[in-house]
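Trainee: I have a structure open in front of me and would like to understand how its parts fit together. Could you talk it through with me?

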Amino acid sequence: MAKITDLLVAEHGTPSLGNFRDPVKEIFYIVLSARTTESLYKQAHKRLWSQFPSLEEIAKAPLARLRNCVATAGLGKKRAAQIKVIASKLLSEFGPRPAIKLRRLSAEGAYAALRSLPGVGPKSALCVLMYSLGFDVFPVDAHVQRVLRRIGLIGAGAKHYHAQDLPPGFVPSERSKELHVALVIHGRRVCKPRAPLCNECVIKSICKTGRVAQR
Ligand code: SF4
């Protein structure tokens, strides 16, 4: 897997996928990103923070205004309610500067706090831990799951790992984020959902599916 990580990182680099170092901004970014396209959730996230520049303002905002603000990402009513509850809960549990308090927690503590927020599932919580809090955890989204399954590393049913666990054994130590980002980009550009471009793939000689495709 270290070889696969090296090859994918050499091919795709480790560019930003737009995630935030501020865990609070990242929580809303991830909640807005579920089941919608990148440009739409990015627009909604930008509009949210430009109209309500603080958590206090989000917590106090009328639901109808929040709904209009995030409508482009879809599921406006549901997401507006989630966002309002998340803002209130972060303020009540961590005070006016939740990012500072979240950074002081262990991986397990931060994971539990994040999972208690509406709309934050295991993968979302792990993304905040990895992108914003710097923990060596390994979220598995649809791209990562698909590529790992085709490589032959996980079974068809394996989707998420829990923060309480160590990263899966096949992930090289301290390289979870690099590998995650490279797999997401590889899944978007090369190992596409319907028709993987195995002939153009830099790991085709190592990948179980790629080796079959070359026969
Ligand atoms: S060889 Fe094909 S199936 Fe394997 S990772 Fe590359 S594109 Fe995906």
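Mentor: Gladly; this is a predicted model, and we can go through its helix packing, a covered helix, the ligand shell and a glycine.

Trainee: Let's start with H2 and H6. Are they roughly parallel or roughly antiparallel to each other?

Mentor: Helix H2 (23-33) packs against helix H6 (residues 76-94) at an angle of about 160°, and their axes are 11 Å apart. Angles over 145 degrees count as roughly antiparallel. The two helices, H2 and H6, are therefore roughly antiparallel.

Trainee: Which residues of H2 make that contact with H6?

Mentor: On the H6 side, the contact is made by Arg79, Gln82, Ile83, Ile86 and Leu90. By class, the contact of H2 with H6 has eight nonpolar, one polar and one charged residues. From H2 come Val24, Ile27, Phe28, Val31 and Leu32.

Trainee: Now H1 and H11. How are they placed relative to each other?

Mentor: Helix H1 (residues 2-12) and H11 pack with their axes 9 Å apart, at an angle of about 60°. H1 passes H11 in a left-handed crossing. An angle of 60° is neither under 35 nor in the 65 to 115 range, so H1 and H11 are oblique.

Trainee: Which residues of H1 meet H11?

Mentor: H11 brings Glu178, Leu179, Ala182, Leu183, Ile185 and His186 to the meeting. The contact of H1 with H11 divides into six nonpolar, three polar and one charged residues. The H1 residues are Thr5, Leu8, Val9 and His12.

Trainee: What about H8 and H9: is their crossing left-handed or right-handed?

Mentor: The axes of helix H8 (residues 107-115) and helix H9 (residues 122-131) come within 9 Å and cross at roughly 135°. That angle makes H8 oblique to H9. As for its hand, the crossing of H8 and H9 is right-handed.

Trainee: And which H9 residues does H8 meet?

Mentor: H8 contributes Ala107, Ala110, Tyr111, Leu114 and Arg115. The contact of H8 with H9 has seven nonpolar residues, no polar ones and one charged. The H9 partners are Ala125, Val128 and Leu129.

Trainee: How many residues of H9 are buried?

Mentor: The buried residues of H9 are Ser124, Ala125, Leu126, Cys127, Val128, Leu129, Met130 and Tyr131. What covers them includes H2, H8 and helix H11 (176-189). H9 is mostly covered, and of its 10 residues the number buried is eight.

Trainee: Let's turn to the ligand. Which helix gives the most to the shell around the ligand?

Mentor: Helix H10 (142-151) and helix H12 (208-214) are the elements that give two or more residues to that shell. The leading contribution is three residues, and it comes from H10.

Trainee: Which residues come nearest to the ligand?

Mentor: There are 14 residues around the ligand. By class they divide into 10 nonpolar, two polar and two charged. Those that come nearest are Cys191, Cys198, Cys201, Cys207 and Gly210.

Trainee: One last residue: is glycine 152 buried, partly exposed or exposed?

Mentor: Glycine 152 is found in the loop between H10 and H11. A residue is exposed with 12 or fewer C-beta neighbours within 10 Å and buried with 20 or more. With 13 such neighbours, glycine 152 counts as partly exposed.

Trainee: How far in space is glycine 152 from isoleucine 206?

Mentor: Along the sequence, glycine 152 and isoleucine 206 are 54 residues apart. In space, C-alpha to C-alpha, the distance between them is 9.6 Å.

Key. Residues are numbered from 1 along each chain as its sequence is written. This is a predicted model: local features need pLDDT of at least 70, side-chain atom pairs count only at pLDDT 80 or more; totals for chains, interfaces and linings use all residues. Axes are lines fitted to C-alpha atoms, for helices over the stretch in contact, and angles run from 0 to 180 degrees between N-to-C directions. Helices (H or I, at least four residues) and strands (E, at least two) are DSSP runs, numbered from the N terminus. A crossing is left-handed if the near helix is turned anticlockwise from the far one by less than a right angle, and right-handed if clockwise. Two residues are in contact if their C-beta atoms, placed from the backbone, lie within 7 Å. Ala, Val, Leu, Ile, Met, Phe, Trp, Tyr, Cys and Pro count as nonpolar, Asp, Glu, Lys and Arg as charged, and the others, Gly among them, as polar. A residue is near a molecule or strand if its C-beta atom, placed from the backbone, lies within 6 Å of it.
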